[in-house]
Amino acid sequence: MQKPRSNTRQNHLKLARQITNILLERGFIKGDHLPESTLSEACGVSRTPIRSALKLLENNNIVKRRDEGGYFLHLPPENMASEGLSNLEETEDSLAVRILSDRAERRITDLQSVSALVRRYEVPRSSVLNALKILSGDGLVVQLPGRAWAFQPILDTPNALKDSIDFRMSLEPQAIIAPGFQMDSQKTRLLRQQLEEFSQRPNGALSAAAFLRLDCAFHSFIAESSGNRFAKGALLAHQRLRLSTQKNHSIPDFRLRQSLEEHLDILDSLERYQLQLAANQMLVHLRRSQIRKPQAVNRGILPMGRGAPA
Amino acid sequence: MNKPVIALFPEASFGSALNCVGIAQQLQRQGSTPVFLCHPGFNGIFAEYGFKEYQLPKNTGAQHQTEETWQAFVSTHLEHFNQVPTAQLTTYVGPTWEAIVDTAIRVEAGLAQLLKRIRPDGIVLDNVIMFPAIANAGMPWIRVVSCAETEIPDANVPPYLSGMAANDPKRSAFEAAYLNTIRPMHQRYNTFRRAHGLPSLPVGQFLEPSPYLNLLLAPKAIRHERLAPLPGSSFVFLDGCIREEAQFEPPSLPVNEGPIVYLSFGSLGAIDTDLISRIIKVFATLPARFFVNVGGFLESYQQVPDNVYLGSWFPQPSIVAQADLFIHHGGNNSYCEALHFGVPSLIMPYCWDGHDNGLRAVQTGTGLNLKRDSWTAHELKETIVFLLSDTEMVSRMSTISGAMKRGNGTRDAAQAILQRVKL
């Protein structure tokens with residue numbers, strides 16, 4: 001049976017991201033030829049999907065096709081990690097993404113019927129069902145008995161963000177100290193490179209959206225490395241949820257840089273295999289990442305903290 | 001040589017706190033070590049900008065008290081924000097001064113202890129009331145007036161919190177009513193001052209001018225021509241006070257066309273979710289993009305229109321810089337940011353100096369003033385359309401912005417502070 005079109009698109013997008021990671025990791029520079037055979041071997045897929053992924057990268061000015069044959073890297077590698085991927089992700093404007101974005105921005109309620117979505121997006125019923133299937137695959141919606149679909153909790157409000165951080169504070173340090181923690185050294189190197197590149201940007205050029213992607217990549221990597229399968233599964237699913245639904249809340253440049261340094265310090269400890277120290281650093285990092293702004297303030301009254309009733 | 005340590009003590013409001021962040025960023029750049037004294041509930045905010053914080057001690061049971069107090073505050077005062085300034089004197093201004101005096105008394109001992117511990121070289125006080133611990137600390141202290149200029153009285157300046165013109169025939173009646181309202185709190189405050197070795201202040205005054213330096217956030221474009229000019233030796237006007245802040249990247253909206261309008265009534269104004277919901281319904285009918293700061297109350301909104309984006313926090317300088325119109329409550333920081341970036345204001349005041357800035361925007365052709373609750377959808381829509389198309393105002397705002405950007409209020413503030421501290 002033929003795969004749905006948007007699933008194929010998602011796969012090409014994933015492959016495109018994988019290719020950019022490989023190019024970074026292997027030290028490709030602007031203007032380098034990108035042999036399909038090399039990429040095919042590195043990604044473990046045939047040349048056909050590699051060509052589709054390269055086409056996607058070409059549409060985003062990351063690579064260029066030349067008449068003399070093949071694709072060439074068009075973007076300096078230092079820009080590829082954030083800008084290139086950023087543009088790439090912006091192209092993924094599938095219906096599923098639009099629905100999720102509208103839910104996160106409170107344009108649609110958490111209970112939806114297929115008919116209502118067909119009316120809103122003016123697309124065929126089959127497209128809506130396909131989009132819901134994609135979201136369902138990521139655990140973002142569930143089909144209720146009958147015809148309704150219900151969105152699961154997402155990171156769309158300050159209170160939801162607080163719950164998210166509380167959840168992560170209870171689990172991420174445990175994911176590190178659970179027996180069997182093991183990091184992939186190549187991925188560690190790549191992640192470190194991306195963190196360092198980002199932190200070298202000048203003040204005012206630290207994109208909140210790019211930081212969120214890098215942050216999710218870092219915490220997903222920690223989860224992937226965990227020796228506890230359940231912690232790993234729960235945290236990876238949560239990072240996917242963050243990436244797809246967390247609004248880019250603005251963080252002052254100082255805190256953003258501090259957060260990047262904390263990521264690097266945690267990586268240092270993990271590479272020295274000081275797992276307990278890394279777990280403690282993770283707890284401090286998450287605690288510092290909590291939103292601390294009061295909900296409301298006025299002269300003469302102690303500020304209204306988070307969770308206080310209005 | 002040790003760097004001078006400057007302790008900044010803003011009142012517990014975002015306007016004041018973030019105004020001080022801007023000054024602290026420049027103090028740091030000019031070679032001093034700024035630190036913050038913060039009220040409970042504000043800890044963490046200054047650390048995010050890289051500054052050391054010292055928190056005032058929190059009373060036992062304060063959290064419980066906070067929740068109850070806010071419940072009572074919202075149910076009592078929400079309707080008062082729809083009143084005219086004269087009516088608000090007894091319903092809102094009086095109780096607020098009562099609470100401000102309570103705060104000054106409550107934090108006095110903790111503040112004195114903190115100052116002994118830190119031993120700063122200078123103190124920057126951005127508040128509306130004096131704390132005896134500061135005057136008694138034995139080091140230069142600087143007063144920042146980040147509210148409207150009306151806080152420093154003069155015959156040519158409108159009466160504080162009145163929303164009326166300086167020559168309004170009802171001026172003396174308002175002033176008499178104001179003094180009458182605050183007299184009991186003022187007497188209590190003076191008793192407290194005397195108990196801590198400070199002289200009483202004249203009725204109506206809760207904070208004396210600093211003998212060292214007073215900084216007024218009053219850009220030239222909206223400044224009043226005083227009958228008795230303030231002495232330049234101890235009063236410095238700031239032409240803006242913009243902090244360095246994160247960049248806001250406007251997300252793409254389902255309907256992503258037209259000018260950008262930003263709305264923020266501050267964290268207190270965000271409590272009135274019914275009002276903001278009414279406004280959002282009007283936004284849905286306009287060909288523009290609207291970014292709305294709903295503070296901590298995002299969960300109160302559903303069915304957000306396709307040309308509207310709600311956020312619980314925006315890095316205001318960045319979004320105002322990108323906006324074509326700024327709808328706000330007349331908070332002085334918001335108004336000055338609008339001037340700095342050349343953006344017309346639509347001011348919908350709900351209390352305090354918002355009334356004064358609401359009138360000032362009309363007087364100076366830098367915006368319009370709309371009463372908070374009594375507008376019709378048609379009226380609000382027409383006002384927004386007018387402000388977005390008033391080329392004369394846009395041109396005037398551009399000139400004001402150019403002049404303000406040529407200066408640098410935070411740099412001037414930091415220079416003046418360090419000069420006084422080193423005396």
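Here's a quick tour of a two-chain model, starting with chain B and ending with chain A. Keep in mind that this is a predicted model. Chain B splits into two domains, and both of them feed residues into the largest nonpolar core, so that core lies between them. Chain B also touches chain A, through a contact that takes 53 residues from chain B and 38 residues from chain A.

**The sheet in chain B**

- Seven strands of chain B line up as an open, parallel sheet, in the order β3-β2-β1-β4-β5-β6-β7.
- At the edges you'll find β3 (52-55) and β7 (235-238) of chain B; each has a single partner strand, so one side of each has no neighbour in the sheet.
- On average, neighbouring strands of this sheet are turned by 25° against each other, direction ignored.
- For a look at one pairing, take β2 (residues 33-38) and β3 of chain B, which run parallel and share four bridges.
- B:Cys38 has its bridge partner in β3(B), namely B:Gln55.
- Helix α1(B) lies across β1 (5-10), β2, β4 (122-126), β5 (141-145) and β6 (213-217) of chain B. Relative to β1(B), this helix runs at about 170°.

**The nonpolar cores**

- The largest nonpolar core counts 129 residues. Those with the most contacts inside it are B:Leu8, B:Ile23, B:Val124, B:Leu215, B:Val292, B:Leu325 and B:Ile417.
- Helix α3 (residues 85-118) of chain B is the top contributor to this core, giving 11 residues.
- Domain 1 (5-239 + 408-421) and domain 2 (260-406) of chain B both supply residues here, which is why the core lies between them.
- Want to zoom in on one residue? Setting aside neighbours within four places in sequence, B:Val124 is in contact with B:Ile6, B:Leu8, B:Phe9, B:Cys20, B:Ile23, B:Ile142, B:Val144 and B:Ile417.
- There's also a second, separate core of 26 residues, and A:Phe218, A:Ile222, A:Leu235 and A:Leu286 are among its members.
- As a bit of background, nonpolar side chains in soluble globular proteins tend to be buried together.

**How the two domains of chain B meet**

- The C-alpha centres of domain 1 and domain 2 of chain B are 25 Å apart.
- Each domain of chain B brings 26 residues to the contact.
- On the domain 1 side, the elements giving two or more residues are α1 (14-29) and α3 of chain B. The largest share of that side comes from α1(B), with four residues.
- By type, the domain 1 side of this contact has 17 nonpolar residues, eight polar and one charged.

**Where chain B touches chain A**

- Chain B puts 53 residues into this contact, and chain A puts in 38.
- On the chain B side, α2 (62-77), α3, α6 (266-269) and β10 (308-311) each supply at least two residues.
- Helix α2(B) gives the largest share of the chain B side, nine residues.
- The chain B side divides into 27 nonpolar, 17 polar and nine charged residues.

**Chain A in brief**

- Chain A has 13 helices and eight strands.
- Of the 310 residues in chain A, 34% are buried.
- Among the contacts in chain A with a separation of 6 or more, 67% are between residues 24 or more positions apart.

Methods. Residues are numbered from 1 along each chain as its sequence is written. Chains are lettered from A and ligands numbered from 1 in the order in which they are written. This is a predicted model: local features need pLDDT of at least 70, side-chain atom pairs count only at pLDDT 80 or more; totals for chains, interfaces and linings use all residues. A nonpolar core is a set of buried Ala, Val, Leu, Ile, Met, Phe, Trp, Tyr and Cys residues joined through C-beta atoms within 7 Å. A residue is buried if 20 or more other C-beta atoms lie within 10 Å of its own, exposed if 12 or fewer, and partly exposed in between; C-beta atoms are placed from the backbone. Domain bounds come from an automatic or database domain assignment. Two residues are in contact if their C-beta atoms, placed from the backbone, lie within 7 Å. Ala, Val, Leu, Ile, Met, Phe, Trp, Tyr, Cys and Pro count as nonpolar, Asp, Glu, Lys and Arg as charged, and the others, Gly among them, as polar. Two strands pair if DSSP finds at least two bridges between them. Axes are lines fitted to C-alpha atoms, for helices over the stretch in contact, and angles run from 0 to 180 degrees between N-to-C directions.
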